[in-house]
Amino acid sequence: MIKLKDILKEASTSESYGQMVNMMKNGIPMIFPREEGKLQKKYYEKVMNNGDVGVFLQAIQVGDPKAKKLWPKVSKVIKKNIDDFYKEDIMIKQKLNTERNKM
């Protein structure tokens, strides 16, 4: 997880829009691998279908300078979804543990 945060920080300060495009195409699926389960797929879709993320993706694909201004919102969306994912994952695991303990 530390490496992904470093990638996000580096891409956010980079003047290379290509790096931002690669980060969005490769970084988000690494954070939320869709093939690993419903929870990961849920949060992947929440991030990628977010309006701010969509506008940001369009801006970086065409090399629009507005992308730098949009990044703080996109970064907050990504971080919030990462936090929500871990909270929900922990709650699911706790629920499973309590069900096992009841048996």
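## Overall architecture

From the N terminus on, the elements of the protein follow the order α-α-α-α-α. The secondary structure thus described amounts to five helices and zero strands. The model discussed here is a predicted one.

The protein has 103 residues, and 35% of them count as buried. Contacts between residues at least 6 apart in sequence can also be sorted by their separation along the chain: 60% of them join residues at least 24 apart.

## The nonpolar core

The largest nonpolar core contains 22 residues. Within this core, M24, I28, F32 and I78 are the residues with the most contacts. Four helices each supply at least two residues of the core, namely α2 (17-31), α3 (38-48), α4 (51-62) and α5 (66-102). The largest share comes from α5, which provides seven residues.

## Helix α3 against helix α5

How do α3 and α5 pack, in terms of angle and the spacing of their axes? The angle between them is about 160°, and their axes lie 10 Å apart. Because angles over 145 degrees count as roughly antiparallel, α3 is roughly antiparallel to α5. The crossing in which α3 passes α5 is right-handed.

On the α3 side, the contact is formed by L39, Q40, K42, Y43, K46 and V47. On the α5 side, the participating residues are I78, N81, D84, F85, E88, D89 and I92. Sorted by class, the contact of α3 with α5 comprises six nonpolar, two polar and five charged residues.

## Residue Q40

Q40 belongs to helix α3 and is among the residues through which α3 touches α5. Is Q40 buried or exposed? Its relative accessible area is 14%. Since buried means under 20% relative accessible area, Q40 is buried.

When neighbours within four places in sequence are left aside, Q40 is in contact with F32, P33 and F85. Of these partners, F32 is one of the residues with the most contacts inside the largest nonpolar core, and F85 is part of the α5 side of the contact with α3.

## Helix α4 against helix α5

Helix α4 also packs with α5, at an angle of about 145° and with the axes 9 Å apart. Here α4 passes α5 in a left-handed crossing.

The residues of α4 that make the contact are D52, V53, V55, F56, A59 and I60. Their counterparts in α5 are A67, L70, W71, K73, V74 and V77. By class, the contact of α4 with α5 consists of ten nonpolar residues, no polar residues and two charged residues.

## Residues V55 and Q61 of helix α4

V55 is situated in helix α4 and takes part in the contact of α4 with α5. Its relative accessibility is 42%. The range for partly exposed lies between the limits of 20% and 50%, and therefore V55 counts as partly exposed. Along the chain, V55 and K66 are eleven residues apart, while their C-alpha atoms are separated by 9.8 Å.

Q61 is likewise found in helix α4. Which residues does Q61 contact, once its neighbours within four places in sequence are left aside? The partners are V21 and K25. In sequence, Q61 and V21 are 40 residues apart, whereas in space the C-alpha to C-alpha distance is 6.6 Å. With a relative accessibility of 52%, Q61 counts as exposed, because the class of exposed residues covers values over 50%.

Definitions and conventions: Residues numbered from 1 in each chain as written. Predicted model: local features only at pLDDT ≥ 70, side-chain atom pairs only at ≥ 80, totals over all residues. Heavy atoms only, no water. Core = buried A, V, L, I, M, F, W, Y, C linked by side-chain atoms within 4.5 Å. Buried < 20%, exposed > 50% of the residue type's maximum accessible area, 1.4 Å probe, protein only. Axes fitted to C-alpha atoms, helices over the stretch in contact; angles between N-to-C directions. Parallel < 35°, antiparallel > 145°, perpendicular 65-115°, else oblique. Left-handed = near helix turned anticlockwise from the far one by under 90°. Contact = heavy atoms within 4.5 Å. Nonpolar A, V, L, I, M, F, W, Y, C, P; charged D, E, K, R; others polar.
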